[in-house]
Amino acid sequence: MEEYSQEDWGNHSQDLHCYQTGEQELDEMPTTKRTLKIKQESSEDTQKRDVMQNIMQILESVQLKWELFQSWTDFSRLHLSNKLAIFGIGYNTRWKEDIRYHYAEISSQVPLGKRLREYFNSEKPEGRVIMTRVQKMNWKNVYYKFLEITISEARCLELHMEIDWIPIAHSKPTGGNVVQYLLPGGIPKSPGLYAIGYEECHEKLPSPLAEHRAPDPGNETPGELEVPSPQASLRVDMESARIIYCYLGIAEVRTLQQCLFLHFQANTKTFSKDWVGINAFLSQNCVVEPGVSPKSIYIKFVEVERDFLSAGSLVECLEKAIGYPLKFNN
């Protein structure tokens, strides 16, 4: 994750002048390629901003206190730390005592001590930014906070923030109203973590003004509003669809492939009313009414060495990251 400046963090839009090298390339590009490059850069910025926002929410959810950075002496105990951690760098000003985030990161590959040393060392690019802003009185004080995490928790957060969902296909109804899940190939025969989710979609009729396309800032005239068409006002908003996590699995004794195979082989022939949890949910989802499709089910997984899987509080870690409880892990 790249370093974010105070101005970048406060802005929700990215000006093109931030990409000076890109501008020179864009001048020589056809209009179509130029538009695609701008959209790609904008998408990457949005993704990085979303990740940072998620990390900040995790830090806030565990209610950590900000520590004032005063001297290297007070800071020395962290320099030798080989722990992994989620950490944040904050600041306040002479005009506003509230501490605001400058940067947040999951240090899952580099030890916490080394990463913090880079942010509080004026000889490093990250530290130079902080030192300059303090010297110029842009900032008053600099703070930090961190939460130590295990390797398995780091991989769990990677599963959430970096791994894409894989949709599970299903067969056509057989035996009347029963479908079967069709697992994709390529599931590792190794230990790790996996999540199961389902698509939730709330249909709603948006207000006419909310439905119309956002105006182009370059063509917008003050005082004018685009008038929506009747068709637009009646269109059903499906953008609220999202994938809900409902189960986190730990493939420690069995492999990822074996665990997922066992979950998705549930069917009405073997279904029992005594079943509870994720297997019952997946099995019941195989029974559909005529003309009605089953819930869309998704999986994601990440390989983790078996020795690391027993450490940490993985379910609580993921629940903090997503902001709601996992329905079938309780």
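Two strands count as paired here if DSSP finds at least two bridges between them. Keep that in mind while looking at this structure, which is a predicted model. Strand β1, residues 67–68, makes the cut with β4: the two pair in the antiparallel sense over 2 bridges. If you want to find the spot, go to L68 and look across to Y143, its bridge partner in β4.

Strand β4 has another partner too. β2 and β4 also run antiparallel, and 9 bridges join them. One place to pick up this pairing is L84, whose bridge partner in β4 is I149. As a bit of background, strands of a sheet pair through backbone hydrogen bonds, in either a parallel or an antiparallel way.

While you're at β4, have a look at its side chains. K145 meets E60 in a salt bridge, with 3.1 Å from N to O. This pair links distant parts of the chain, since E60 sits in helix α3 (residues 31–61) and K145 in strand β4 (residues 141–149), 85 residues apart. Are the two ends of this bridge buried or exposed? E60 has 43% relative accessibility, so it counts as partly exposed. K145 is down at 2%, under the 20% cut-off, and therefore counts as buried.

Now step back to the loop that leads into β4. There, K140 and E97 bring their side chains together in a salt bridge, this one at 2.9 Å from N to O. K140 lies in the loop between α6 and β4, while E97 belongs to the loop between β2 (84–92) and β3 (100–107), so the bridge ties together parts that are 43 residues apart in sequence. K140 counts as partly exposed because its relative accessibility is 37%. E97 is partly exposed as well, with a relative accessible area of 47%.

A search of the whole structure turns up 7 salt bridges, and the next one to visit stays inside a single helix. E118 pairs with R115, and their closest N and O atoms are 2.2 Å apart. Both residues lie in helix α5, 3 residues from each other, or about one turn of the helix. E118 has 16% relative accessibility and so counts as buried. R115 is at 11%, so that residue counts as buried too. The story doesn't end with this pair, though: E105, R115, E118 and E126 are linked in a network of salt bridges.

That network is a good way into the packing of two helices. Helix α5 (residues 112–119) and helix α6 (residues 125–135) have axes that come within 6 Å and cross at roughly 45°. At that angle, α5 and α6 are therefore oblique to each other. Which residues of α5 and α6 meet? From α5 come R115, E118 and Y119, and from α6 come E126, G127 and I130. The residues of this contact divide into 2 nonpolar, 1 polar and 3 charged.

Further along the chain there is another sheet to explore. This one is open, with 4 strands in the order β5-β10-β8-β9 and antiparallel pairing. At its edges are β5 (166–167) and β9 (242–251), each of which pairs on one side only. Within the sheet, β8 and β9 run antiparallel and are joined by 9 bridges. I196 is a handy marker here, as its bridge partner in β9 is Y247. Helix α7 (residues 151–162) packs on the sheet and touches β8, β9 and β10 (297–303), with its direction making about 140° with that of β10. Helix α10 (residues 256–264) packs on the sheet as well, touching β8, β9 and β10, and its direction makes about 35° with that of β8.

Let's finish by zooming in on that marker residue. I196 lies in strand β8, residues 192–200. With 0% relative accessibility, I196 counts as buried because the cut-off is under 20%. What is I196 in contact with, leaving aside its neighbours within four places in sequence? Among its contacts are W165, I244, Y245, C246, Y247, H263, F264 and I278, and the list also includes L282, I297, Y298 and I299. There is one more pair to check in the viewer: the C-alpha atoms of I196 and L326 are separated by 9.9 Å, and these residues are 130 apart along the chain.

Terms used:
Residues are numbered from 1 along each chain as its sequence is written. This is a predicted model: local features need pLDDT of at least 70, side-chain atom pairs count only at pLDDT 80 or more; totals for chains, interfaces and linings use all residues. Side-chain values use heavy atoms; hydrogens and water are left out. Axes are lines fitted to C-alpha atoms, for helices over the stretch in contact, and angles run from 0 to 180 degrees between N-to-C directions. Angles under 35 degrees count as roughly parallel, over 145 as roughly antiparallel, 65 to 115 as roughly perpendicular and the rest as oblique. Contact means heavy atoms within 4.5 Å. Ala, Val, Leu, Ile, Met, Phe, Trp, Tyr, Cys and Pro count as nonpolar, Asp, Glu, Lys and Arg as charged, and the others, Gly among them, as polar. A salt bridge is a side-chain nitrogen of Lys or Arg within 4 Å of a carboxyl oxygen of Asp or Glu. Buried means under 20% relative accessible area, exposed over 50%, partly exposed in between (1.4 Å probe, protein chains only).
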